[in-house]
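Student: I would like to take a close look at one part of this model, namely the place where the two chains meet. Could you please describe it and then set it in the context of each chain?

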Amino acid sequence: MATTTNPTSQAPVAAPGGVAWRPWWIWIGLAGLALLPFVGGKTGLISNFAFLQLSLMIVYAIAVLGLNLLTGFNGQISLGHGAFFAVGAYTAAILIDQANWPFWATLPMAALACFVAGYLFGLPALRLEGHYLALATFALAVAVPQILKYRHFEPFTKGVQGINIFKADPPFALPLSSDQWMFLVVLAVAIVMFWAARNLLDSRIGRALRALRDQPLAADTMGVNSSHYKAVTFGISALYTGVAGALHAIIFEFVSPDSFRFELSIAILVGAVVGGIASLPGAVIGGVFVQAIEKYADALTKKISATVHLPLELQPWTIYGIALIILIYTMPTGVAGGLSTLRRRLKRP
Amino acid sequence: MEQLTQQIASGLANGAIYASLALALVMIFVSTDHINFAQGEMAMFSAYLCWQVMQWGLNFWIALPLVALGSFLAGVAIQRMILQPLHNAPVLSVVVVFIGLLTIFHSLAGGIWSFTIKEFPSPFPKVAFAGSGYLGSHQVGMILVTLLLLFGLYAFFRFTPLGLAMRAAAQNPGSARLVGVRVDWMLALGWGLAAVVGAVAGTMVAPVVYLEPNMMASILLYGFAGALVGGISSPGGAVAGGFIVGVLENLIAYFGNLLEKTSGIYVIGNGEKLSVALVIVIIVLTLKPDGLFGQVSIKRV
């Protein structure tokens, strides 16, 4: 197992996916973000609504990171991560609504539930590769709203009506609105999860994952327990996306089966592909992209339709699809990959 | 018992649709090893086109060939322009492109024709005939058209030089190229034919589920299930699989209802259709990924 990569020759090079970190400016940026509620909120420069948007971007970044771990670093394709997002969201919402749990306590439970769900789904998925796995997860994504509406779950899920929950007020009489407080919570959770992901990927587990992606047979021969690692990766990936789902439910204060349609799984996939499928910074870019598109694509498409005088009403999803296909041709490693290629070219004399 | 027969009969009718969609999926899979996630939306788009042509005053049986021709050209164009350059790309790129196509067709249909439900008239005359207690005339028409399509395709692949060339290109591209088959164009033709099969399936199912951009989601899932049950590498198997899945779907709903009526325990009903398809897909993929009639795929080290 330890021989999957040769440490002496591989160590100085950044892992594929650019886990090359410049800690100081990342920490400065994060500190700036954390100060935002205290600065922007007090002066009224940044509205509560803007904080909600920022929180949602971070939430999607965590969800995309989950898919990145699975697809980018382990090579298993999932078109159904909306399902795990839904499991996380419903776990949090049900615990808050029915058991009156504080919101922070639901996060570990959502993580646990999603890890188990992902692991169990990953077990049969072990036998599937490439297109077949995409197919199975596609079926999962399409079936999710129906499963959530299942009659025997209704006492917990409240069927099509969904569950309303209420946002927590900031503790210790902090001078913050609840949107600002939740922004800080989401940011803290995201920092912990990205840090954990980076350490995971730099460990021997991370090397095993990449070995299984690049050379499954060779990795197997070297003694990497492929079925164990693949199922666990599925579980961890689901855990990340599930925590994102729980956070989404908490800051959005509402879950219903139709929030978790196939489009959600697509959006997570699009975020991963746009940002860069095997890259941690790419997950952040992807999360920002997903939320920005959801927010502004409507206005953008209306503007485009008006300026080009299209005879039909252009839908945001048309642009999504076209962007996706163009990106696969021009920047197959996503924006993060494209940027690092650019940097390398500029550095070269 | 009467009801059971009825359920099986209408399951066969649904199965005809699943079978034709499964057939379209298999045609693309056999020649390019890709699973076309956009197949359902392509079929939906063709159905809308057909509806539009009929709105302009043409008869269905004139509109269908026109739309089939258009779908054929569109299918060829998609393969040549979008997928051909990706023939060496990793699986993920191809899947993402299919998802892109899916969203484009879906949202275009919504943008052009709006998301409101439209009625699509059945092209078949209402005739009473033997056994009409079990099946409506549209359902019988659906089954007949599917079988006709199947035999047409079989004859095409079995008895024409072009069909032979396409089979050669799919089975052994290298050798086919050496004997002068233009493999790239054969793959594009395969895509075109799949688009035609999808168009027929779309127009046949539209009178049943009504016309709307979401109409194909569950049907595509059952098409996948059918293709997998029969074996995604075998056209005949996919058709059989489609019929099997159609009947199975109705039987499960029937026995679910029966159980609820007799014992009062609700286990499964019409609301769980997609979950049933999901379970079928996963069971087949894990237990017998090559399906009932498919060739066992062998991986060489």
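Tutor: We should begin with confidence, since this is a predicted model. The mean pLDDT of chain A is 79, and 87% of its residues reach 70 or more. One stretch calls for caution: over residues 1-19 of chain A, pLDDT stays under 50. For that stretch the model has 32 contacts beyond four places in sequence.

Let us now turn to the interface. Here 39 residues of chain A are in contact with 37 residues of chain B. On the side of chain A that touches chain B, the elements that give two or more residues are helix H6 (130-148), helix H12 (262-275) and helix H14 (316-330). Of these, H6(A) provides the largest share, with 13 residues. Which kinds of residue make up this side of chain A: nonpolar, polar or charged? They divide into 28 nonpolar, seven polar and four charged residues.

Helix H14 of chain A also holds a residue that can be examined singly, A:Thr330. Is A:Thr330 buried or exposed? A residue counts as exposed if 12 or fewer other C-beta atoms lie within 10 Å of its own. A:Thr330 has 8 C-beta neighbours inside 10 Å, and therefore it counts as exposed. A:Thr330 can also be compared in position with A:Ser256: the two are 74 residues apart in sequence, and their C-alpha atoms are 37 Å apart in space.

The wider setting of these helices is chain A as a whole. Its secondary structure comes to 15 helices and two strands. Of the 349 residues of chain A, 50% count as buried. Among the contacts in chain A with a separation of 6 or more, 79% are between residues 24 or more positions apart.

The partner, chain B, has 11 helices and zero strands, and its pattern along the sequence is accordingly written α-α-α-α-α-α-α-α-α-α-α. Of the 301 residues of chain B, 50% count as buried. Residues 24 or more positions apart account for 75% of the contacts in chain B with a separation of 6 or more. The C-alpha trace of chain B spans about 65 × 55 × 35 Å along its principal axes. How does the radius of gyration of chain B stand against that of a compact globule, and what is its value? A compact globule with 301 residues would have a radius of gyration near 19 Å, and chain B has 19 Å, so the two agree.

Conventions:
Residues are numbered from 1 along each chain as its sequence is written. Chains are lettered from A and ligands numbered from 1 in the order in which they are written. This is a predicted model: local features need pLDDT of at least 70, side-chain atom pairs count only at pLDDT 80 or more; totals for chains, interfaces and linings use all residues. Two residues are in contact if their C-beta atoms, placed from the backbone, lie within 7 Å. Helices (H or I, at least four residues) and strands (E, at least two) are DSSP runs, numbered from the N terminus. Ala, Val, Leu, Ile, Met, Phe, Trp, Tyr, Cys and Pro count as nonpolar, Asp, Glu, Lys and Arg as charged, and the others, Gly among them, as polar. pLDDT is the predictor's confidence in each residue, from 0 to 100. The radius of gyration is taken over C-alpha atoms; the globule rule is 2.2 Å times the number of residues to the power 0.38. A residue is buried if 20 or more other C-beta atoms lie within 10 Å of its own, exposed if 12 or fewer, and partly exposed in between; C-beta atoms are placed from the backbone.
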